[in-house]
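Here are some notes for a colleague, to be read beside the sequence and the structure. They take up the nonpolar core, an aromatic pair and the charged side chains in turn.

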Amino acid sequence: MSFCCGASMVGTKGTLKHYRTQVHNVPLLLCPVCHRVEVHYKVEHEYEILAEYAHGDGVSEIDFGDFIMEDEETIFGNCVNVEDEDPLDIVQSQIDMALDLLAVAKGIQDAKWESELKKRLAVMSRRKARLQYNK
């Protein structure tokens, strides 16, 4: 499980650009708070090799799924949420985890961590309200 901004990152697939080469269906981790994206650590090495070779060969587009041996369940098995889930469920899960962490921060009297978690909770609460309003 990967964390960013006090929230667990969401597993997804997407397209990344490596110089002039677009690599499709790359397993990614997305932060639901700050929207930072990174290649899933289980395939990071394979992505770097494939992207470099594709770029070196002058390929403009390549599908990462054609070269990966692991299935999605294996790759994203450690993710708390995946992008295919209902966005409201994802946000609620993130809020629940942040509240649990907030209790820990209060318990160890870490004011800085507590403040950061409250900011993240505010972001996720606004997102939850927006999702509920749009339903």
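Is Phe64 buried or exposed? With a relative accessible area of 2%, Phe64 is buried, and the points below begin from this residue; please keep in mind throughout that the model is a predicted one.

1. The aromatic pair. The structure holds one aromatic pair, and its partners are Tyr47 and Phe64, whose ring centres lie 6.4 Å apart with 55 degrees between the planes, so that the pair counts as tilted, planes over 60 degrees apart being the ones that count as edge-to-face. Tyr47 belongs to helix H1, whereas Phe64 sits in the loop between strand S6 (61-63) and H2, so the pair ties together parts that are 17 residues apart in sequence. Like its partner, Tyr47 is buried, its relative accessible area being 9%.

2. The largest nonpolar core. Both of these aromatic residues recur in the largest nonpolar core, which has 28 residues and in which Val23, Val26, Val39, Val43, Tyr47 and Phe64 touch the most other members. Two or more residues come from each of strand S4 (21-30), helix H1 (44-56), helix H2 (72-76), helix H3 (87-107) and helix H4 (111-134), and of these H3 gives the most, with five residues. The core also draws on both domains, taking at least three residues from domain 1 (3-76) and at least three from domain 2 (87-134).

3. The surroundings of Val26. Leaving aside residues up to four places away in sequence, Val26 touches Thr12, Lys13, Gly14, Leu16, Val39, Tyr47 and Phe64. Both members of the aromatic pair are therefore among the contacts of Val26, and Val39, another of its contacts, is likewise listed with the core residues that touch the most other members.

4. Helix H4. This helix has 24 residues and reaches 35 Å from its first C-alpha to its last, which is close to the 34 Å expected at 1.5 Å a residue. Its buried residues are Glu114, Leu117, Arg120, Leu121, Met124 and Arg127, and the buried residues of H4 pack against H3. The list of buried residues includes charged side chains, among them Glu114 and Arg120, and these two return in the next point.

5. Salt bridges within H4. The structure holds three salt bridges. In one of them Glu114 is joined to Lys118, with the closest N and O atoms 3.4 Å apart; in another the side chains of Glu116 and Arg120 meet, also at 3.4 Å from N to O. Why are Glu114 and Lys118 separated by about one helical turn? The reason is that they are four residues apart in helix H4, and the spacing of Glu116 and Arg120 in that helix is likewise four residues, or about one turn. An α-helix has 3.6 residues a turn, so residues three or four places apart point the same way. In each of these bridges a buried residue meets a partly exposed one: Glu114 is buried at 16% relative accessibility while Lys118 is partly exposed at 43%, and Arg120 is buried at 17% while Glu116 is partly exposed at 28%.

6. The salt bridge of Arg36 and Glu38. The side chains of Arg36 and Glu38 meet in a salt bridge as well, at 3.1 Å from N to O. Here Arg36 counts as partly exposed at 38% relative accessibility, and Glu38 counts as partly exposed at 25%.

Terms used. Residues numbered from 1 in each chain as written. Predicted model: local features only at pLDDT ≥ 70, side-chain atom pairs only at ≥ 80, totals over all residues. Heavy atoms only, no water. Core = buried A, V, L, I, M, F, W, Y, C linked by side-chain atoms within 4.5 Å. Buried < 20%, exposed > 50% of the residue type's maximum accessible area, 1.4 Å probe, protein only. Domains from an automatic or database assignment. Contact = heavy atoms within 4.5 Å. Expected span 1.5 Å × (residues − 1). Salt bridge = Lys/Arg side-chain N within 4 Å of Asp/Glu carboxyl O. Phe/Tyr/Trp six-rings, centres within 6.5 Å; stacked < 30°, edge-to-face > 60°.
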